[in-house]
Amino acid sequence: MTALFIPSDAPFSTDQRAWLSGFLAGVQSRLFVTAGAADAASSSAPSVHILYGSQTGNAEGVAEDAADAARAQGLAPIVSSLDDMDIEKLTTVQRLLVVTSTYGEGEMPDNAELFWEALSAEGAPRIEQCEFAVLALGDTGYDGFCQAGKMIDTRLEQLGARRLTARIDCDVDYEDPAAAWVAEVIPMFAAETGADAAPAPAAAKPKRARSQWNRKNPYSSTVAVNRCLSKTGSAKEIRHYEFALADSGLEYEAGDALGVMPINDPALVDSVISQLGVDPESAVAGQDRSLRELLAYNFEIRTPSHELIAEVEKRVANDELSHLLRHGDKEALDAWLWGKDVLDLLQLDPSLRFEVDEFTGLLRPLQHRAYSISSSSKADPSTVHLTVASVRHSGGGRERGGVASTFLADRVAEGGTAGIFVSPNKSFRVPGDDSAPMIMVGPGTGVAPFRAFLQERKARGASGKNWLFFGDQHRASDYIYEEELTQFSDDGVLHRLDLAFSRDQAEKVYVQTRMAEQGKDLYSWLEEGGHFYVCGDASRMAKDVDTALHKVIEVHGAMSAEAAGEYVSNLKREKRYLRDVY
Ligand SMILES: Cc1cc2nc3c(=O)[nH]c(=O)nc-3n(C[C@H](O)[C@H](O)[C@H](O)COP(=O)(O)OP(=O)(O)OC[C@H]3O[C@@H](n4cnc5c(N)ncnc54)[C@H](O)[C@@H]3O)c2cc1C
Ligand SMILES: NC(=O)c1ccc[n+]([C@@H]2O[C@H](COP(=O)([O-])OP(=O)(O)OC[C@H]3O[C@@H](n4cnc5c(N)ncnc54)[C@H](OP(=O)(O)O)[C@@H]3O)[C@@H](O)[C@H]2O)c1
Ligand SMILES: Cc1cc2nc3c(=O)[nH]c(=O)nc-3n(C[C@H](O)[C@H](O)[C@H](O)COP(=O)(O)O)c2cc1C
């Protein structure tokens with residue numbers, strides 16, 4: 001077994017470091033287990049509730065780490081999503097840890113929405129018996145950094161709960177600060193309760209062992225297939241990718257996402273270096289790579305950081321940028337920045353110069369991009385598939401491309417390699433009950449996980465009915481996976497397929513148009529226990545589909561708008577309304 005290494009620059013005190021080493025060694029030596037009610041029920045150890053709000057698994061992973069640490073300290077962890085915690089039950093909880101990410105524009109992740117609704121309500125109960133600590137995950141690239149965690153933290157205090165320790169807000173490199181937080185809070189609870197440091201019994205239900213492949217250590221996979229799905233005449237370029245898993249041991253389930261570690265466009269790297277007027281081979285303080293390598297592999301040069309934008313504004317005389325930054329008009333600033341990269345900012349004033357170290361200090365680390373997996377490992381365990389829209393546009397006399405989507409499209413030919421890892425999305429799964437109906441709404445690349453779901457249900461021989469709403473701009477050029485969907489229909493796997501091609505007629509026709517037309521049947525599928533899934537664009541489509549769903553229930557269930565709202569909340573509580581939207 002490889003020894004776990006805590007970097008010397010990790011932000012731990014000596015005590016935390018010693019405790020963490022012991023904890024990691026303990027964790028490493030046993031299978032990770034799913035925590036849950038079983039932990040507390042089977043033990044007389046003091047309980048600690050660990051609640052997570054998580055869309056792509058990061059917060060859930062930290063919650064599981066905290067549960068392992070709690071168990072090792074003789075506590076009995078009870079882990080669940082925030083939405084699984086009844087607000088009335090919170091009045092009996094004595095020790096509470098909350099780990100949550102933030103989504104949308106400073107909003108709760110999907111599995112924390114109902115909890116937040118109840119917690120923030122005027123009539124929310126007092127919870128003075130409770131001691132709590134909050135860890136917030138986020139990304140400083142978004143406005144409303146860690147907003148969900150901040151709101152929960154404030155509200156718990158307002159309701160009378162006592163904060164055990166100050167909230168920690170983590171940026172994209174959350175692993176070390178999260179581990180430090182776990183190392184701080186768990187012993188505090190354990191010390192208070194006088195818990196017996198002999199580990200509490202582990203929960204019985206085994207879960208998938210954590211993969212060795214992650215964002216810091218991606219698996220270098222061979223791209224076996226890189227094929228364009230969009231046909232001639234399409235305004236889009238949607239591509240199908242198949243990554244070979246070979247002997248990686250990498251496992252995934254339909255509904256998971258795949259992280260892809262991109263490499264920046266070398267032409268953009270060279271242009272940035274030439275604009276800076278520095279030697280590409282320049283050394284950078286504290287780094288063992290040259291400037292050119294760092295700009296290719298380590299730093300985001302496509303989307304400028306807030307820090308770089310602010311520094312450039314100070315140094316160049318650009319009235320427009322100064323006006324936008326000083327007047328705090330976020331929408332206007334976003335519109336101005338839309339499509340602009342680091343080179344555009346440097347070119348605002350060709351005489352602008354930075355020292356190499358100063359410049360790299362203003363860049364954010366290059367991050368992986370997530371993609372919904374479009375295959376089921378039950379259909380083919382040797383590969384994992386993606387369905388990716390290449391981001392391309394032009395401006396300022398240059399052709400521009402999204403980092404990861406064009407890295408895959410242009411710079412990884414079939415036979416080439418790309419760094420990948422699985423990002424589990426445990427809540428986005430086909431129904432556990434194979435006989436339950438499944439309704440999927442996935443226009444554009446939003447169809448990706450539903451291709452996986454159909455493969456999964458076919459492989460399981462699931463008897464439940466399946467219904468897909470799909471669409472894009474034109475049937476002739478944008479009906480991706482047409483042959484496969486027809487085959488699913490012919491095989492009796494896809495029972496209903498409603499198509500909405502938005503630009504084939506004068507009036508726009510969207511997936512929600514079809515939902516309304518088929519409202520009667522849609523409602524009856526829900527009444528039969530159907531699960532409703534949405535994937536794709538979050539900013540417009542998912543909101544409109546949600547409105548359409550409420551309307552269908554209102555009309556065909558003969559309900560008031562309030563009752564339809566309650567019906568939808570129940571679907572969420574029962575995990576029958578699940579979304580994978582971004
Ligand atoms: C969990 C999850 C699952 C996802 N699944 C999928 C999927 O299955 N398929 C898929 O295709 N995507 C999916 N996405 C989106 C994906 O992660 C990337 O965001 C997307 O591919 C763009 O990444 P990029 O690196 O190519 O572009 P980036 O380098 O991130 O560039 C994006 C930026 O380009 C600029 N831009 C984009 N279009 C234009 C334009 N027309 N004009 C001017 N500027 C523009 C904007 O500034 C935008 O912010 C998913 C996202 C998440 C979080
Ligand atoms: N897993 C994911 O979460 C995921 C997957 C894929 C894509 N994405 C993101 O979603 C975005 C779009 O991706 P895409 O190119 O595949 O598809 P898209 O732009 O969403 O387009 C697909 C279809 O949806 C239509 N549409 C536009 N507005 C709509 C609305 N309000 N309601 C319903 N349908 C609407 C489009 O019509 P018109 O163009 O004619 O208006 C088009 O016919 C991107 O930002 C991408 O990053 C996320
Ligand atoms: C579409 C999208 C929107 C996001 N919005 C925010 C945001 O408004 N504020 C923030 O701090 N982080 C935001 N994030 C970052 C996530 O909170 C962060 O990646 C977190 O680690 C995800 O954790 P999870 O996997 O547990 O959901 C966003 C991420 C995505 C993909």
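This report walks through two ligand shells, one helix and two nonpolar cores in a predicted model.

**Two ligand shells**

Let's start with ligand 3. It has 24 residues around it, and the closest are Ser54, Asn58, Ala59, Ser101 and Gly138. By type, this shell holds nine nonpolar, 12 polar and three charged residues. Helix H3, which runs over residues 58-72, is the element that contributes most to the shell around ligand 3, giving three residues.

Now turn to ligand 1, which is surrounded by 22 residues; Gly339, Gly402, Val403, Ala404 and Ser405 are the closest of these. Three elements give two or more residues each to this shell: strand E10 (369-372), strand E11 (383-389) and helix H14 (403-411). Among them, E10 gives the most, with four residues. The shell around ligand 1 also takes at least three residues from domain 2 (219-262 + 368-423) and at least three from domain 3 (266-360).

Here are the two shells side by side:

| Shell | Residues around the ligand | Nonpolar | Polar | Charged |
|---|---|---|---|---|
| Ligand 1 | 22 residues | 11 residues | nine residues | two residues |
| Ligand 3 | 24 residues | nine residues | 12 residues | three residues |

**A closer look at H3**

How far apart are the end C-alpha atoms of H3? They are 21 Å apart, and this agrees with the expected span of 21 Å, because the helix has 15 residues at 1.5 Å a residue. Is H3 mostly covered or mostly exposed? Mostly covered: 15 of its 15 residues are buried. Just past the end of H3, glycine 74 has a positive phi of about 85°.

As a reminder about helices, an α-helix has 3.6 residues a turn, so residues three or four places apart point the same way.

**The nonpolar cores**

Which members of the largest nonpolar core touch the most other members? Among its 74 residues, they are Leu258, Leu408 and Met440. Helix H20 (residues 541-556) supplies the largest share of this core, seven residues. At least three residues of the core come from domain 2 (219-262 + 368-423), and at least three from domain 4 (438-581).

Leucine 258 is a good residue to find in the structure. Leaving aside residues up to four places away in sequence, leucine 258 touches Tyr371, Ile373, Val384, Leu386, Ile420, Val422 and Ser423.

There is also a second, separate core, made of 58 residues, including Ile50, Val62, Cys170 and Tyr174.

Definitions and conventions:
Residues are numbered from 1 along each chain as its sequence is written. Chains are lettered from A and ligands numbered from 1 in the order in which they are written. This is a predicted model: local features need pLDDT of at least 70, side-chain atom pairs count only at pLDDT 80 or more; totals for chains, interfaces and linings use all residues. A residue is near a molecule or strand if its C-beta atom, placed from the backbone, lies within 6 Å of it. Ala, Val, Leu, Ile, Met, Phe, Trp, Tyr, Cys and Pro count as nonpolar, Asp, Glu, Lys and Arg as charged, and the others, Gly among them, as polar. Domain bounds come from an automatic or database domain assignment. The expected span of a helix is 1.5 Å times one less than its number of residues. A residue is buried if 20 or more other C-beta atoms lie within 10 Å of its own, exposed if 12 or fewer, and partly exposed in between; C-beta atoms are placed from the backbone. A nonpolar core is a set of buried Ala, Val, Leu, Ile, Met, Phe, Trp, Tyr and Cys residues joined through C-beta atoms within 7 Å. Two residues are in contact if their C-beta atoms, placed from the backbone, lie within 7 Å.
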